[in-house]
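Visitor: I am new to this structure and would like a close look at a single part. Please pick one, go slowly, and tell me what lies on either side.

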Amino acid sequence: MANTSDVLSDISWHFWNSWHALDVLFVIFIIVLTFVASKLVDRLIHHQFEMASRKMAVDETAYRIIRHTSVALVYVFGLVLIIMRFPTLQNLSFAIFAGAGFLGIVVGLAAQSTMSNIISGVSLAIFRPFRVGDRVNIRDDYGKITDITLRHTVVKTWDNRRLIIPNHVISDEAIINWTIEDPTVCWPIDIGISYDSDIDLARKIMVDEGRKNKNTMSFSELRKYDEKFSDDDVLVLLTGLGDFSVNLKLFVWVRDRSFAYGTGCEIREAIKKRFDKEGIEIPFPYRTLVYKKDLVAEHENSYVGIKEGKEDF
C-alpha cells in the first residue's frame, strides 16, 4: 500500500510540474467547449422533439431520458479529451484505478445509489408505468409528472409543490396513474340525509344536480371512450345506515382527474342548496348533556318518593 502511495505521489508531482501555459489554455478551452456543446446538444434535441411532435405522437418521457443522457455523454467526452491530452494524467488515472483497493470499494458503495437511480430511470423510460404529463397519486400526494431524469422524477403537486423523488424509490412505489389508457374518472360524492327525509326525492335531486354540472360526462360521451359502457352516467347508491343519517353516495364521471375534485365540490354545494329548498334535512350528531347536580337531585327525589310510598303503605 505504501508503494502505491509513493507511486501516486511521484506521478502527481511530475504531473503538476510538467504543466505549461499552453496546457492551461487547452484545459480551459475544452471546459468552455464542453459547456457550449452540451447546451447546443440540449437545444438541438429539444428542437427536433418539437418538430417531430408536430407530425406524430412522440413520447416525451423517452425524449427527456435521451436528452439527459446525451448531455451527460458530452461532459464525459470532454473529460476524456483532457485526460488523453496529458500522458502523465493518463498514468495517474491508471495508477488510481490499479491501486484503488479499499478506496475503490468505498467509492463503489457510495455510487451504488446513483447507479440504482440511473438503471431505474432507464427502466422507467422503457416500461413506462407513467409518462411526462401523466397525473398520478403517490405517497398520499396528487400531482403531474413534469420531468424524468437519470437520477430523479419530478412531480408537480396540486398546490404547486415539487416532489423530487429518486428513481429507485419511485420505481418501487405503488402509484395510481389517472391518465394512462383511459383518462375518464368516476368520482364519488358522499351525502348524508336524516331518517325522516324522503330517500327517493333526495336521490332525484342528487342525480339532477350531478347531470347539470358542466364537467360531468353524459352517457353518449362515455360511449366514445368505451363502446361497452352500459351503466348510468350518474348513479346514487345507499351505502349505509349510520347512527344519525342515511348515507348516500353519488357517482359522476368527469373527463380528467384534474376536474374531479373541483367538480365534486361544486355538485356538493348545489345539492345542499336544493336540499334546503325542498326540505331534505342533512343531519348532524345529537348530544344530550346531563349535569351531575341534576342526577343527584333526581336521585334524591326518587328516594323521597319511594320513602313516602312506603309510609303510605
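## Strands and their partners

Guide: Let us begin with a hairpin, in which S7 is joined to S8 through 4 residues. Please keep in mind that this is a predicted model. S7 covers residues 234–241, while strand S8 takes in residues 246–254. The two pair in the antiparallel sense, with 7 bridges between them. To find one pair of facing residues, look for Val 234, which stands opposite Val 252 in S8.

Now step back along the chain to the loop between helix H9 (219–225) and S7, where Asp 226 has its place. Asp 226 belongs to a negative surface patch, together with Glu 181, Asp 182 and Glu 227. How accessible is Asp 226? Its relative accessibility is 35%, so Asp 226 counts as partly exposed.

With that pair of strands in mind, you can turn to an open sheet of 5 strands. Its order is S4-S3-S2-S1-S5, and the pairing is antiparallel. S4 and strand S5 (176–177) stand at the edges with a single partner strand each, so one side of each has no neighbour in the sheet. As a general background, strands of a sheet pair through backbone hydrogen bonds, either parallel or antiparallel.

Let us visit both edges. At S5, the partner is strand S1 (residues 135–138), and the two run antiparallel over 2 bridges. Here Asn 137 has Ile 176 in S5 as its bridge partner.

At the other edge, S4 is joined to strand S3 (residues 152–157) by 5 bridges, again in an antiparallel arrangement. One of the residue pairs is Lys 156 with Arg 162 of S4. S3 and S4 form a hairpin with 4 residues between the strands, and in this hairpin Asn 160 takes a positive phi near 70°.

Stay with S4 a little longer and compare its two faces. Leu 163 and Ile 165 make up the covered face of S4 (residues 162–166). Arg 162, Ile 164 and Pro 166 are on the uncovered one. Why do the residues take turns in this way? In a regular strand, side chains alternate between the two faces of the sheet.

For contrast with the negative patch, finish at a nonpolar surface patch of about 630 Å². Helix H2 (residues 21–55) gives the largest share of this patch, 6 residues. Among its members are Val 24, Phe 35 and Tyr 75. Val 24 lies in helix H2, and its relative accessible area of 35% makes Val 24 partly exposed.

Key
Residues numbered from 1 in each chain as written. Predicted model: local features only at pLDDT ≥ 70, side-chain atom pairs only at ≥ 80, totals over all residues. Heavy atoms only, no water. Patch = residues over 30% accessible without salt bridge, like charges linked within 9 Å, V, L, I, M, F, W, Y side chains within 5 Å. Areas by Shrake-Rupley, 256 points an atom, 1.4 Å probe, with all protein chains shown as cover. Salt bridge = Lys/Arg side-chain N within 4 Å of Asp/Glu carboxyl O. Lys, Arg positive; Asp, Glu negative; His and termini not counted. Charge placed at Lys NZ, Arg CZ, Asp CG, Glu CD. Buried < 20%, exposed > 50% of the residue type's maximum accessible area, 1.4 Å probe, protein only. Pairing = 2+ DSSP bridges.
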